[in-house]
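These are my notebook entries on a structure that I had not examined before. I set down what I looked up, in the order in which I looked.

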Amino acid sequence: NSAMNGAAIDKTINTINFLESGDLVTGDEEGMISIFTVSSEGEYFMSHEFDAHSKGVNSLTMLTRGTLLSGGEKDRRIVAWDASRDFEKILECRLPEGAGSCRTLTPQYPGRNDGNIYGGLQRKFTPIVWGHSKAVDAVTSHPDDLSFVTAGHDRIVARWRKQRIVWKISVQTECTSIDYFPGGSVVAAGTADGHLIILNAENGAHVTTIRVCSSPINALTYNPRGESLACASQNGYVYLFKVTKDGFTYKKYGKLGGGVPLYRVDWSQDGDYFQAASTDYNLTVWNMKTHKMEKEPTNYRDVEWLEHTCIVGFPLVGIWNNLNYRNEPSIPSAVHTGFEGQFVCAGDHHGYLRLFQYPCVNPRAEYLESKAGSGPISGLDVFFKDSYIVTVGGSGSPAIMSSRTSWRRVFDDAEYGFHQLTAHKMLCSQREEEGITFTSLHELLRKSIEREEEEDNNNTQYGGDVGSTGFLEAKNEEDCKGYQ
């Protein structure tokens, strides 16, 4: 950054390479290619600079015979330059619009001879592996199949079976949310301009497009029986649709909320309630029988949710600022409960994927961790039978599919402290609680033995308090009969 006569270069360098002469060549965010030569004093100075691309140079590759290849970010151009003739342009081609921008380049050596890749620029590029070219925020898995659907800002909705693409379709605008109909017959996608797009799940054929509002639809989900669809919007409203004919017919019948933008919505297992999370981390619960907001938490404290995607709520207290986090504290960006509701998977803004028991209410709850990407995880989904976890997000727009086979072995192994211990009919802070779930079985048993030994030494009774490890002590031997 100090090569221009001692002055700092106030722009971002995206890529660098070296010419055959030893000169340094750089590509920056403004589309300029700069060449720096070494002076007799051993310092680099700029000897040449030219405008190569409309905006941003992502890749520079040096071939033999003085040929330099550059790949553009916005213009999707691949250009060959002759370094021996003051970087005169030799040839160029443009990638298809659906392929996105050029990120990296590598030469092909047929028979280990340099075929000069710019000769390939005269032929049409054929995609071998297809992926989204822009950010992907929405993903949903099939109710009973090992396939999933992604929707991104490149206006593409695609269905995958593991890493193979089944079908992809181009829509009119960017997609921000998506969900499968419970029967798996259709896929509903919410767009950035407030439309609801219904696609046939088998072949991706367009079924219908419905105007919902003028704001982005940040989340949508069907109720358990597939009779209603709730769409959470940026304007703070939840729009309700009546669904018939296996998800192929829709009719708007209600609008709830208003105010703070909403970005997650969940249905209860019986379909009588739904909860919505807002961008300011508030949670609101609505009664579908009365179409009114529940203001008394005792009315829905025992409600079981079909899927928990809202990142706030009592069952998820333990994933916030967990005391066992080894990395820097981070705010969860996406969560999803397992197929059977036994665990919850949480992704954060640093790309970490963590697996907890569900519900997770202990601030010292144990977890399994994996680095899914370098950017924030904007969406994740757990496959049926808890077989795979798929995540999307990050600047590189990856869709990463993680197998939980190895996770399950650890999750079910008591040595790693993921078995649960449930205490029944115990006293906690003068209140009777049932079904309290603890993690770290070995730690609990060790603390229990230590406390029993201390009790024998002091000849005292249990105190009835909650210890620092989360172990709940019984007041008498009769209360201990509820242990499993």
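Entry on Tyr44. I began with the exposure of Tyr44 in this predicted model. Its relative accessibility is 34%, so I recorded Tyr44 as partly exposed, since that class lies between the 20% limit for buried and the 50% limit for exposed. I then located Tyr44 in the chain and found it in strand S4, which covers residues 44-51. I also looked for a nonpolar surface patch that includes Tyr44. Phe18, Val38 and Tyr44 make such a patch, of about 260 Å².

Entry on the chain as a whole. I noted that the protein chain has 484 residues, and that 48% of them are buried. Its secondary structure amounts to two helices and 35 strands. The chain exposes about 24800 Å², and I noted that 47% of this comes from carbon and sulfur atoms. I next looked up contacts between residues at least 6 apart in sequence; 44% of these join residues at least 24 apart.

Entry on one strand pair. I turned to strand S11 (residues 156-161) and strand S12 (residues 164-170). The two run antiparallel and are joined by six bridges. Which residue of S12 stands opposite Val157? I found Ile169 in that position. I also examined the connection between S11 and S12: they form a hairpin with two residues between them. Lys162 lies in the turn, and I recorded for Lys162 a positive phi of about 55°.

Entry on salt bridges. I asked how many salt bridges a search of the whole structure finds. The search gives ten, and I followed several of them individually.

Asp75 and Arg77 meet through their side chains in a salt bridge, with an N to O distance of 3.1 Å. I checked the exposure of both partners: Asp75 is buried, and Arg77 is buried as well. I noted further that Asp75 and Arg77 belong to a network of salt bridges that also links Lys89 and Glu92.

Arg225 and Glu227 form another salt bridge, and their closest N and O atoms are 3.5 Å apart. For Glu227 I recorded a relative accessibility of 41%, which means that Glu227 counts as partly exposed.

Glu369 and Arg354 form a salt bridge in which the closest N and O atoms are 3.0 Å apart. I traced both residues and found that this pair links distant parts of the chain, 15 residues apart. Glu369 is in strand S28 (residues 368-371), and Arg354 is in strand S27 (residues 352-357). I then asked whether each partner is buried or exposed. Glu369 has a relative accessible area of 25%, so I entered Glu369 as partly exposed. Arg354 has a relative accessibility of 4%, and therefore counts as buried.

Entry on cysteines. I looked for disulfides, and the count comes to zero. Why does Cys213 form no bond with Cys231? The sulfur of Cys231 is the closest cysteine sulfur to that of Cys213, yet the distance is 8.4 Å, which is too far for a bond. A disulfide requires sulfur atoms within 2.5 Å. I repeated the search from Cys231, and its closest cysteine sulfur is in Cys213, again at 8.4 Å. I also recorded the exposure of both residues. Cys213 is buried, with a relative accessible area of 8%. Cys231 is buried too, with a relative accessible area of 1%.

Terms used. Residues are numbered from 1 along each chain as its sequence is written. This is a predicted model: local features need pLDDT of at least 70, side-chain atom pairs count only at pLDDT 80 or more; totals for chains, interfaces and linings use all residues. Side-chain values use heavy atoms; hydrogens and water are left out. Patches are made of residues with over 30% relative accessible area and no salt bridge: like charges are joined within 9 Å, nonpolar side chains (Val, Leu, Ile, Met, Phe, Trp, Tyr) within 5 Å. Accessible areas come from the Shrake-Rupley method with a 1.4 Å probe; for residues, only the protein chains shown count as cover. A salt bridge is a side-chain nitrogen of Lys or Arg within 4 Å of a carboxyl oxygen of Asp or Glu. Helices (H or I, at least four residues) and strands (E, at least two) are DSSP runs, numbered from the N terminus. Buried means under 20% relative accessible area, exposed over 50%, partly exposed in between (1.4 Å probe, protein chains only). Contact means heavy atoms within 4.5 Å. Two strands pair if DSSP finds at least two bridges between them.
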